[in-house]
Every structure is written in C-alpha cells, then in structure tokens.
Amino acid sequence: MGLLTQIQNDAISDTVAVNSLLRKVMLLAYKLDSGLLEDWVKHELNGYPNDVEVPSYRKIPLNFKASLSNGFYMHNNAPIAQYLVKKATGQDDIDIFYCRQAIGTIEYKDTEDGTLALNMDNFALVLRGKVVDKGWDVLRFWAEMPAAKVIGISDAVRNKVLEFALALQKRYPNADDVEWIKSQESGAATVSQVFNTTINNGNAGVIGHASESTVNVTVNHGNLQDLRTNLTQHGVSADDLAALEAALKEEPKIEDKRFGPKVTKWVSNMLGKAGSGVWNVGLGAGGALLEKALLGYYGLN
C-alpha cells in the first residue's frame with residue numbers, strides 16, 4: 001500500500017487521530033518537495049504564527065454580550081451589536097476569532113447552550129459612552145462562538161486532506177509512486193494547483209516550485225513591461241493585467257516567496273480561469289507561468 005492510499009484510508013477513519021494523519025501528509029510533502037503542503041501541515045501541527053493568515057475554516061464569527069449596571073439595575077447577557085463594537089474599537093475584524101492553536105490542543109467541553117466564551121474585559125472601558133450610555137458601567141464584556149465551529153476545525157482538516165489525496169490520485173492514477181509524480185513535466189506545479197484548489201481554496205501564499213517547470217519566462221526585477229509582455233504572450237487579457245498591476249502597486253514587496261493577499265487573489269482567479277478553460281492554458285502550466293513571472297518581477301527567481 002502506497003503512502004497516498006494510506007493517507008486516504010486514515011482520512012476516512014474515525015479511529016486515526018488528525019495529528020497522526022497530518023504527520024503522514026508531512027512525509028508526503030517532503031517526498032513531493034512541496035513547500036506549500038509542508039508549510040500548511042507545520043502550521044496545523046504547531047500553530048499559526050501571528051504573521052501568517054489562518055485558513056477560512058479557522059475564522060470563527062463572534063457575537064458580543066455584556067453585563068451592565070447603572071447603580072440601580074443590572075442587565076446580564078445583554079447582546080451588543082457587532083457594528084457598534086467595530087466602530088467603538090476601530091477594529092473591523094474584532095468580530096472574528098482567528099484560531100491559531102496547534103490542532104492537537106483544540107478541545108472544548110460540552111456546554112449547556114453549545115457556546116464558548118472569550119473574555120474581552122480589556123475593551124469594557126472603550127465601550128462606555130460609545131456602545132452603551134455613559135450612565136451605564138460595563139462590568140463584563142465577552143464574545144461567544146459556537147463550540148461546534150471550534151471542534152469542526154479538525155473535521156475540516158481531515159476533509160481537506162482527503163480532497164487533496166483524491167484529487168492528486170485522479171490527476172495521477174499511479175500517484176502512490178511519489179517519485180514518478182516528481183519526474184513528470186510540471187509535476188511540482190500540478191501538485192501546487194491541487195493544493196490550491198482543495199486545501200487552500202486558491203488562497204496559497206505561493207504557487208509552487210517554478211524551478212521544476214519547463215515554462216520559459218524571463219521577467220527582470222521590478223520591470224512591469226517584462227511582466228506585461230510575458231503574460232500577454234501567454235494569453236493573459238488586458239483587463240487581467242490591469243487588475244494585476246493594481247495589486248502589485250499595493251504589494252510592491254514580498255518575503256519568503258509568499259505573495260500578498262491581493263496578488264494571491266489575482267493568481268487564484270487566473271487559476272480558476274485556467275481550470276474552467278476561460279484562460280487557454282493547463283492548470284500546471286498556468287501555475288508555473290504565473291509563479292515564474294511574479295517571482296521574477298519581485299526579484300526572487
């Protein structure tokens with residue numbers, strides 16, 4: 001039984017811990033030389049650093065509540081509108097909990113109403129006079145989230161691993177022969193595309209390892225004309241180029257070959273067009289093309 005088949009079997013087994021499953025995926029990432037897959041597994045196993053965006057399944061919506069008193073009356077569990085809290089604190093994403101914990105530490109105990117509480121008393125003074133009348137003191141302020149959303153992170157990871165393994169095997173029926181995949185033309189780029197469309201839903205920070213692709217692209221550091229010329233020759237439309245240039249203007253630099261969110265979104269859109277046939281290139285070739293061109297522009301080739 002090959003490694004990919006083992007991963008598929010473990011992904012559908014309720015008796016295999018998600019940590020054990022991810023360790024096998026780590027081995028697969030190493031054998032495929034997939035930095036994207038390896039980084040994702042490391043973050044799931046060890047936790048997401050503050051400078052790394054968490055996946056959508058780790059972003060949990062919050063509802064706010066407070067205990068209020070005016071010296072005569074008390075209001076416990078008073079709901080507070082997200083809009084008002086955002087306006088008072090100046091934080092547009094304060095109603096989202098970014099779960100950065102290592103997946104093995106994510107646990108919760110059943111509660112009567114199926115919710116988990118997040119202490120936010122440090123914002124209590126900010127809310128007085130902005131969210132509630134000045135005559136009322138905010139004694140306690142907290143956020144609540146569905147407990148099922150938290151425990152659902154493990155299921156989401158397990159499902160994404162299964163989707164990736166099945167999609168890779170569909171692309172390469174003999175995918176259990178990892179060395180064979182690596183030997184295929186644009187094999188690394190194809191693995192990256194499968195990762196983008198299954199695990200990261202098109203939100204990967206980088207596309208893949210362009211050094212292993214045969215796509216011929218030459219873009220000099222910071223040369224926008226080089227970028228235009230190369231992408232135009234490969235069928236990228238004027239409208240798409242304009243959108244890319246706008247994204248690059250807002251994200252002129254990157255680190256560790258990780259594109260910013262706006263460039264990443266543009267790349268994801270292009271890969272979607274490649275997959276649907278709107279952009280007349282294959283997924284593997286398209287991913288390698290965009291990676292080489294953009295890394296060249298950023299001076300990281």
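Let us start at one small spot: N77 has a relative accessibility of 45%, so this residue counts as partly exposed. N77 is found in strand β3, and its phi is positive, about 60°, although N77 is not a glycine. Keep in mind that the model you are looking at is predicted. From N77 we can step outwards to its strand, then to the sheet, and then to the helices around it.

Before that, a quick look at the whole protein. Its secondary structure comes to 12 helices and 6 strands. Of the 301 residues in the protein, 46% are buried. Among contacts with a separation of 6 or more, 66% are between residues 24 or more positions apart.

Now back to β3, which covers residues 74-80. What joins β3 to β2? The two strands pair in the antiparallel sense over 5 bridges. One of the pairings to look for is S69, whose bridge partner in β3 is M74. Together β2 and β3 form a hairpin with 4 residues between them. In the turn of this hairpin sits G71, with a positive phi of about 95°.

Follow the chain back into β2, residues 63-69, and you are in a strand that is mostly covered, with 5 of its 7 residues buried. β2 also pairs with β6 (residues 137-146), in an antiparallel arrangement with 7 bridges. Two places let you line these strands up by eye: A66 has F141 as its bridge partner in β6, and N63 stands opposite E144. Strands of a sheet pair through backbone hydrogen bonds, in either a parallel or an antiparallel way.

Put these pairs together and the sheet appears. It is an open sheet of 4 strands in the order β3-β2-β6-β5, with antiparallel pairing. The edges are held by β3 and β5 (115-119), each with a single partner strand, so one side of each has no neighbour in the sheet. From one strand to the next, the twist averages 30°.

Which helix packs on the sheet and touches β2, β3 and β6? That is α4, residues 82-89, whose direction makes about 80° with that of β2. Another helix, α6, lies across β5 and β6 and runs at about 45° to β6.

Within α6 you will find S154. Is S154 buried or exposed? A residue counts as buried when its relative accessible area is under 20%, and S154, at 17% relative accessibility, therefore counts as buried. Leaving aside residues up to four places away in sequence, S154 touches V18 and I103.

V18 brings us to α2, since this residue is among the buried ones of that helix. Helix α2 spans residues 18-32, which makes 15 residues. From its first C-alpha to its last it reaches 21 Å, close to the 21 Å expected at 1.5 Å a residue. Besides V18, the buried residues of α2 are L21, L22, V25, L28, A29 and L32. Looking down the axis of α2, you would see these buried residues within an arc of 110°, so they line one face of the helix. An α-helix has 3.6 residues a turn, so residues three or four places apart point the same way. On the face of α2 turned away from the buried side are the exposed residues R23 and Y30.

Just after α2 comes D33, with a positive phi of about 55°. Like N77, D33 is a residue other than glycine. D33 lies in the loop between α2 and α3 (35-46), and at 36% relative accessibility it counts as partly exposed.

Finally, look inside. The largest nonpolar core has 56 residues, and L28, L37, W40, F141 and F164 touch the most other members. Helix α6, residues 147-171, gives this core its largest share, 8 residues. You have already met L28 as a buried residue of α2 and F141 as the partner of A66. What does L37 touch, not counting residues up to four places away in sequence? Its contacts are V25, L28, A29, F164, F195 and I199. There is also a second, separate core of 25 residues, which includes V236, I254, F259 and M270.

Terms used:
Residues numbered from 1 in each chain as written. Predicted model: local features only at pLDDT ≥ 70, side-chain atom pairs only at ≥ 80, totals over all residues. Heavy atoms only, no water. Core = buried A, V, L, I, M, F, W, Y, C linked by side-chain atoms within 4.5 Å. Buried < 20%, exposed > 50% of the residue type's maximum accessible area, 1.4 Å probe, protein only. Contact = heavy atoms within 4.5 Å. Expected span 1.5 Å × (residues − 1). Arc of directions from axis to C-beta. Pairing = 2+ DSSP bridges. Axes fitted to C-alpha atoms, helices over the stretch in contact; angles between N-to-C directions.
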